[in-house]
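Student: I am new to this structure and would like to go through some of its side chains. Please show it first.

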Amino acid sequence: MIEARHLRVLRAVATTGSFSAAGRELGCTQPAVSQQMKALEASVGTPLLVRSGREMRLTQAGEALVRHANGILAGLTAAEEEVAAIAGLRAGRVRLVSFPSGSSTLVPRALAALRAAHPGTRVSLEEAEPPQSVEMLREGDCDVALAFRYERAAREQEGEWADLVVRPLLTDRLVALVPERHRLARAGSVAIGELAREPWIAGCPRCRGQLVEVCEGAGFTPRIDFATDDYPAVVGLVGAGLGVAVLPQLAIESVRPRGARTVTLEPAVRREIVALTLPDLAQVPAVAATLEQLGRAAGRK
């Protein structure tokens, strides 16, 4: 195996013309240079230098190796500088995947703080709901996944994220959303059973499943007239008087609910918001910094 330190010695010998001069350039002794040259020749299995008295010249193999050494050593220097920049957060890239209500609330604050602290770190953002986002993380398509799971699901699927680093961010409570002229619009709180006869507007597939589960737990099956993954569309449909909805508080925060009012839902239904990454990725400075800023953004809620 050819070692970089041996290539540096060979290049110095070729440039200076002697072991003693190469030693002075490299800051080591002439015997040390001689020893490293012998080790390099043993490694490649052929002479690299021809010694005749005080004169020293490269063999054909030596000339070839010196020619390649310049490019190899330049590449190593560039690699060392790039790795040092990444380790020092002067450079680096993080691929972040988030669900929409996280993208519009937690992510902007976190990324603004990250850019201010480490302007050389680049972050790309893609949207996906769990479990797709979690699978993207496991398959290497992202570095950090912002995800959520409902409390009951967390209890039932305790080991679901056992192979991942889990950074808890916040607990997000679901709220009822009703038209502003609705009979319950000014109620302090509402039991979901009081909305049993209402037409419903449902959100994303996972939230839709949670809605049906909560309603069935209260003794009824919701009549879903509209379903959309777009939270502003849900709010707009409720505001137009076309039905009621249950949405996470985080989703309401990013939308101005014109024509609609939020009402506290009892009993409380909550979802856990987390940032996920792989154990090895958690050691990467840019990823660790991103997790830290997501945690700070969630803490300001």
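Student: Is Glu292 buried, partly exposed or exposed?

Tutor: This is a predicted model, in which local features need pLDDT of at least 70, side-chain atom pairs count only at pLDDT 80 or more, and totals for chains, interfaces and linings use all residues. Residues are numbered from 1 along each chain as its sequence is written, and side-chain values use heavy atoms, with hydrogens and water left out. Buried means under 20% relative accessible area, exposed over 50%, and partly exposed in between (1.4 Å probe, protein chains only). Glu292 has a relative accessible area of 33%, so Glu292 is partly exposed.

Student: Which residue meets the side chain of Glu292 in a salt bridge?

Tutor: A salt bridge is a side-chain nitrogen of Lys or Arg within 4 Å of a carboxyl oxygen of Asp or Glu. Both partners lie in helix α12 (residues 285-299), four residues apart, about one turn of the helix; helices (H or I, at least four residues) and strands (E, at least two) are DSSP runs, numbered from the N terminus. The partner has a relative accessible area of 47% and is therefore partly exposed. At 3.2 Å, N to O, the side chain that Glu292 meets is that of Arg296.

Student: Which residues are joined into one network by salt bridges that share partners?

Tutor: A search of the whole structure finds 15 salt bridges. Those that share partners join three residues into one network: Glu135, Arg138 and Asp163.

Student: How many residues apart in sequence are the parts that Glu151 and Arg270 tie together?

Tutor: The side chains of Glu151 and Arg270 meet in a salt bridge (4.0 Å, N to O). Glu151 lies in helix α8 (residues 151-156) and Arg270 in strand β12, so the parts tied together are apart in sequence by 119 residues.

Student: What is the relative accessible area of Arg270?

Tutor: Its salt-bridge partner Glu151 is at 32% and counts as partly exposed. Arg270 is also partly exposed. The relative accessible area of Arg270 is 31%.

Student: Is Val274 buried or exposed?

Tutor: Val274 has its place in strand β12 (residues 270-277). Its relative accessible area is 0%, so Val274 is buried.

Student: What distance separates the C-alpha atoms of Val274 and Ala145?

Tutor: Contact means heavy atoms within 4.5 Å. Not counting residues up to four places away in sequence, Val274 touches several residues, including Ala145, Trp161 and Pro168. Val274 and Ala145 are 129 residues apart along the chain, and their C-alpha atoms are separated by 8.3 Å.
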